[in-house]
Amino acid sequence: MEKRWVATIHLDTLQIENDPSFKFKCLPGCGRCCIELDIPLRDEDIAKIEDLGYNAWEFVDYEKMFYRGNKFLGYGLKKRPFDEACPFLQEDGKCKIYSHRPLACKLYPFILVRHGLTLEVYLKEDSFCKGINHPEGEPITLELVLRYFGDVIREYQHKLGISNTHYKPENLTI
């Protein structure tokens with residue numbers, strides 16, 4: 001897997017150091033990541049989807065397992081048998097459960113690695129993702145960070161005992 005550094009986020013101040021040449025725009029209706037990727041599901045992801053009325057057997061592939069080293073991370077998301085796409089990908093290229101989609105889907109094409117009080121942001125350079133360095137893309141700013149990684153940042157800040165509501169932009173809840 002090719003990856004490249006695109007930013008570092010300081011969890012205590014929300015200051016960002018970034019690669020100024022990088023831009024990203026998720027292209028509406030594209031759905032290539034919903035077809036090409038194997039998605040790991042955390043227990044929280046499974047519970048959120050079950051809360052929508054789905055049974056785990058409909059979307060969890062219990063034969064596909066994800067590990068980091070020897071630590072079990074979760075099972076995989078099933079693929080549809082007729083086109084190998086995510087079972088929640090609709091014909092218009094949109095996600096049927098978008099507001100409840102798994103964390104791996106929310107983060108793609110980014111990979112987050114925490115080191116103490118910093119969160120390094122890497123880009124998973126997949127050739128099928130046309131949003132990477134798209135001419136209409138946006139650089140990594142605080143707004144993009146909070147939109148894509150807000151939940152993860154809040155979770156890390158909570159675990160680290162960090163409260164920085166004085167750094168937030170208007171109308172954003174941290």
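This briefing covers the nonpolar core, the pockets, the cavity and the salt bridges of the structure above. The model is predicted. Its largest nonpolar core holds 39 residues. Its largest pocket encloses about 1,300 Å³, and 14 salt bridges are counted. Helix 5 (142–160) recurs under several topics: core, pocket linings and salt bridges.

**Nonpolar core**

- Phe59, Phe110, Val121, Ile140 and Phe149 touch the most other members of the largest core.
- Elements giving two or more residues to this core are strand 1 (3–10), helix 2 (43–50), helix 3 (56–59), strand 6 (110–115), strand 7 (118–124) and helix 5.
- Helix 5 gives the most, with 6 residues.
- Beyond its neighbours within four places in sequence, Val121 is in contact with Phe110, Ile140 and Phe149, among others.
- The contacts of Val121 also include Arg4, Trp5, Val6, Ala7 and Ile9. Ile111 and Leu112 complete the list.

**Largest pocket**

- The volume of the largest pocket is about 1,300 Å³.
- Its lining has 36 residues. Pro40, Arg68, Leu103, Ala104 and Leu107 lie nearest the centre.
- Strand 3 (40–41), strand 4 (60–68), strand 5 (71–77) and strand 6 each supply at least two lining residues. So do helix 2, helix 4 (103–107) and helix 5.
- By class, the lining has 20 nonpolar, 15 charged and 1 polar residues.

**Second largest pocket**

- The second largest pocket has a volume of about 960 Å³.
- Its lining has 46 residues, with Cys26, Tyr98, Arg101, Cys105 and Tyr148 nearest the centre.
- Helix 1 (32–36), helix 4 and helix 5 each supply at least two of these residues.
- Helix 5 provides the largest share of this lining, 9 residues.
- The class split is 30 nonpolar, 6 polar and 10 charged.

**Cavity**

- The count gives 1 cavity of 30 Å³ or more.
- The largest cavity holds about 40 Å³ of space.
- Lining residues are Cys33, Cys34, Leu37, Asp38, Ile39, Leu77, Lys79 and Cys86.
- Of these, 6 are nonpolar and 2 are charged, with no polar residues.

**Salt bridges**

- Side chains of opposite charge can pair when their charged atoms come close.
- Arg147 and Glu138 form a salt bridge, at 2.3 Å from N to O.
- Arg147 also bridges to Glu143, with the closest N and O atoms 3.4 Å apart.
- Glu143 and Arg147 sit 4 residues apart in helix 5, about one turn of the helix.
- Arg147 is partly exposed, at 44% relative accessible area. Glu138 is partly exposed too, at 28%.
- Glu143 counts as exposed because its relative accessibility is 54%, over the 50% cut-off.
- Arg154 and Asp151 meet in another salt bridge, at 2.6 Å from N to O.
- Arg154 and Asp151 are 3 residues apart in helix 5, again about one turn.
- Arg154 has a relative accessible area of 28%, and Asp151 has 46%. Both values fall between the 20% and 50% cut-offs, so both residues are partly exposed.
- Elsewhere, salt bridges that share partners join Arg4, Asp19 and Glu125 into one network.

How values were computed:
Residues numbered from 1 in each chain as written. Predicted model: local features only at pLDDT ≥ 70, side-chain atom pairs only at ≥ 80, totals over all residues. Heavy atoms only, no water. Core = buried A, V, L, I, M, F, W, Y, C linked by side-chain atoms within 4.5 Å. Buried < 20%, exposed > 50% of the residue type's maximum accessible area, 1.4 Å probe, protein only. Contact = heavy atoms within 4.5 Å. 1 Å grid on protein atoms, 1.4 Å probe; cavity = no way out; pocket = protein on both sides within 12 Å on 5 of 7 lines; lining within 4 Å. Points joined across faces, edges and corners; volume = space filled by probe spheres on them. Nonpolar A, V, L, I, M, F, W, Y, C, P; charged D, E, K, R; others polar. Salt bridge = Lys/Arg side-chain N within 4 Å of Asp/Glu carboxyl O.
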